[in-house]
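Trainee: Could you take me through one part of this structure up close? I'd like to look at the sheet and what sits against it.

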Amino acid sequence: MTAAPPRALIAEDEPLLAAALRHELAQAWPALQVVATVGDGRAAVREALALRPEVLFFDIRMPGQSGLDAAAELADAWPAGQPFPALVFVTAYDQYAVQAFEAQAVDYLLKPVQAARLQKTVQKLQQTLTNQALEATVLEATMAQLRHLLAAPAPAAPSALLTVIQASSGNQIHLVPVAEVLYFEAADKYVRVLTAGHEYLIRTPLKELAAQLDAQTFWQVHRGTLVRASAIASVTRDEAGRLHLALRGRSEQLAVSRLYAHLFKAM
Amino acid sequence: MPTFDTRSFLLHGLISAVFCCAIALALTVSGQGAWDVQLAYSLGIGIVAWLVIDLGRAWLTRQNSEAWPPGWRGILLIAAGIATGYVAGTAIGTAYSGSTPHPHGPLSGLAITIAAGAGISFFFYSQGKARYLQAHMAQAQRDAAEARLKLLEAQLEPHMLFNTLANLRVLVATDPPRAQAMLDHLIAYLRATLGASRATQHPLADEFERLRDYLELMAVRMGPRLAYQLDLPEGLRAASVPPLLLQPLVENAIRHGLEPQVEGGRITVRAGTRPGPAGMRLVLEVLDTGTGLAAQAPAGDAPGSHFGLAQVRERLATLHGSDFTLDLIAGSAGGTSVTITFPFKSTP
C-alpha cells in the first residue's frame, strides 16, 4: 500500500445523498479522504482528471452526462501510465444497469446505501488498491467492462436493420441508402451522416441508430463515432499513442477512442 | 375470427345434422314417405347449406374478429346457403331414391328448407354474436386494467421512490423534523396516486396540494436545482378537475426538462380563466425552464413523456369529448410550456 492515504471522488446530483455517502464512508473507511463531491457527469470527469483520486463513486443518473458515459470519457482521457481509479457505480433503481453490473462483475452500490453492503465494497476496494501487481491491468479491465456496459442493449431493441436514412433539410427529406454511408458522428444535439460526397443531419441518437445497424458493418470506434469497417483505409498511431483512421472516400481523419482501440490489431 | 375456428365449424355441422334428422323423423312420422328417403333429402339439404354458410362466413370474416359478416352480406350469405342447399340437396335426394319425385311437393320442401335454414342460422348467429360481445368486453376490461397499471407504474416510478426513500433515510438521522415533513408529503402523494383512479373529479385546490406534495419531495432531492411556484387564484380553488391531471406534466417537466440540466431550473404551474364561445374556460399551464424539446430526441426516444401527454389527452377526451385544447410549446431559448383549456365547472 502506498504511504499516502487513498483519496476518493463522489459524483452524485442529490446533495443529501452525496453527504450521506460521505458520512457512511467516513465510518466504513476512516483513512479514505473524499477530495471532491460533484453533482453532474461533466464535472465528475473534469475533477477526476484534475485530482486523480484512487477511488470513484459515480451515480448512474446525473444531469449533463450519465455516470456510465462519464466513466467512459474518463477512461478515454486518462493519462497513459497512470493507474486508473477503482470505479464504483451507485444507483437507486435500474434493473438493466444492475443486471449488467452483475454480468461484468462491476462494483456497485444501491441507494439507500446500507452500512453492511458498503463495508463489503470497501474491503474489495482496499484489496484492489493493495494489490500493486494488478494496477497495470486495471485500466484494461475497466475498459472492457465499460465497453460491455455501454453496449448493453436498450430495453426495447428494434429488430429490423435500417436500409435507408431519412434526413430532413429545410422542407425536403433526403433518403440516404445506408450502403452509401461512410460514417456517423454524434455532434451536440444531432448525428452527422457522412457519405463520400455529402453530409446530412439527423436527430436519432447514435445509440438508437447503432441498434439498427449491423455491428459487423459499422464499427463503434468512439462513443460518438460509428464507421463503416470496409471504408477504413489505414490506422495510424500518433506520438501520444492515440489511434487515427484514414478513410477511403473522405479526407478527414477519425479519432479512435482508447475504449475501442482493441479493434485494430495487425493480423 | 382471424383464424379458422374448426371447433365451432364442426359443432355447427353436428347441430345441423341432428336438426336434419329431427326434420326427417317428423316428416316420416307424418307419413310423407320412407324414412331413408326423407333422411337423404334432409341431410343433403342441411349439410350443403351448412358447408356453404359456415365456409362462406369464415371467408367473409377472415379479416376481422366478428363471427358473422355484418349487414346485408350476412343475410345474402344465408339466402345463398339455403338456395344452394335446396338445389343440391334435392338433387342428392332424387339421386338416392331413384326417379321418385320430391316426396312432399317442391313448394312445401322449399318452405321447410327456408324455415329450418333461417331458424338454425339465426340460432348460430345469436350464439356467435353473444360470444363475440363477451370476448369484446373481456378485451376492453383487460385494456382498462392495463392502462390503469401503466398509469400507476408511471406515477410510482421505482427510481423516484427509491431515491426519495434514500433521502428520507438520511434525514431521519440528521434532521428528524424535516424527515417527518417529507414523510407526510410522501404519504399524501402515495394516497393520491393509489386513490386517483376512483374519484373522477376533485377541486383544483386539492390538485395543487398534490402537486405541492410531489414538488416538495423533488425539492428535497434536487436541493437548490429545483425552484417552483404554484399560482392558484382564490376564485378558482373550487374549479372541478380530474384528479392528478397535471401530475404527468409536472413530472415530465422535471424528468425531461430540469433533471438533465446541470443548473436545474424553475417550474411554474398556473391556473386562470378565459372567456370562450360557450362560457368560461379553465386555463391550466405548466411551464419549465428546462432543456426544452429541441434538445431532446424526437418523441420516440422519450416514451415517458409520450405516455404522460397521451394520458392527459385521453383523460380530457373522455371527459370533454373534443371540447378541450392541449398545446405543447417549446421555448426558443429552451424551456417547455404545456397549456390545457376546458370548460370551467365548479365542484359542488
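Mentor: Sure, and keep in mind that this is a predicted model. In chain A, five strands make up an open sheet, and their order across it is β2-β1-β3-β4-β5. The pairing is parallel. As a bit of background, strands of a sheet pair through backbone hydrogen bonds, either parallel or antiparallel. Now look at the edges of the sheet: they are β2 (33-38) and β5 (108-110) of chain A, and each of these pairs on one side only. The sheet has a twist to it as well, with neighbouring strands turned by 20 degrees against each other on average, direction ignored.

Let's zoom in on one pair. Strand β3 (residues 55-59) of chain A runs parallel to strand β4 (residues 86-91) of chain A, and five bridges join the two. To spot one of them, find D59(A): its bridge partner in β4(A) is V90(A).

Next, bring in the helices. Helix α3 of chain A, residues 67-77, packs on the sheet and touches β1 (7-11), β3 and β4 of chain A. The direction of α3 makes about 145 degrees with that of β3(A). Helix α5 of chain A, residues 115-130, packs on the sheet too, but its list of contacts reads β3, β4 and β5 of chain A. Here the direction of the helix makes about 160 degrees with that of β4(A). So when you trace β3 and β4 of chain A, look for α3 touching them, and then look for α5 touching them as well.

Methods: Residues are numbered from 1 along each chain as its sequence is written. Chains are lettered from A and ligands numbered from 1 in the order in which they are written. This is a predicted model: local features need pLDDT of at least 70, side-chain atom pairs count only at pLDDT 80 or more; totals for chains, interfaces and linings use all residues. Two strands pair if DSSP finds at least two bridges between them. Helices (H or I, at least four residues) and strands (E, at least two) are DSSP runs, numbered from the N terminus. Axes are lines fitted to C-alpha atoms, for helices over the stretch in contact, and angles run from 0 to 180 degrees between N-to-C directions. Two residues are in contact if their C-beta atoms, placed from the backbone, lie within 7 Å.
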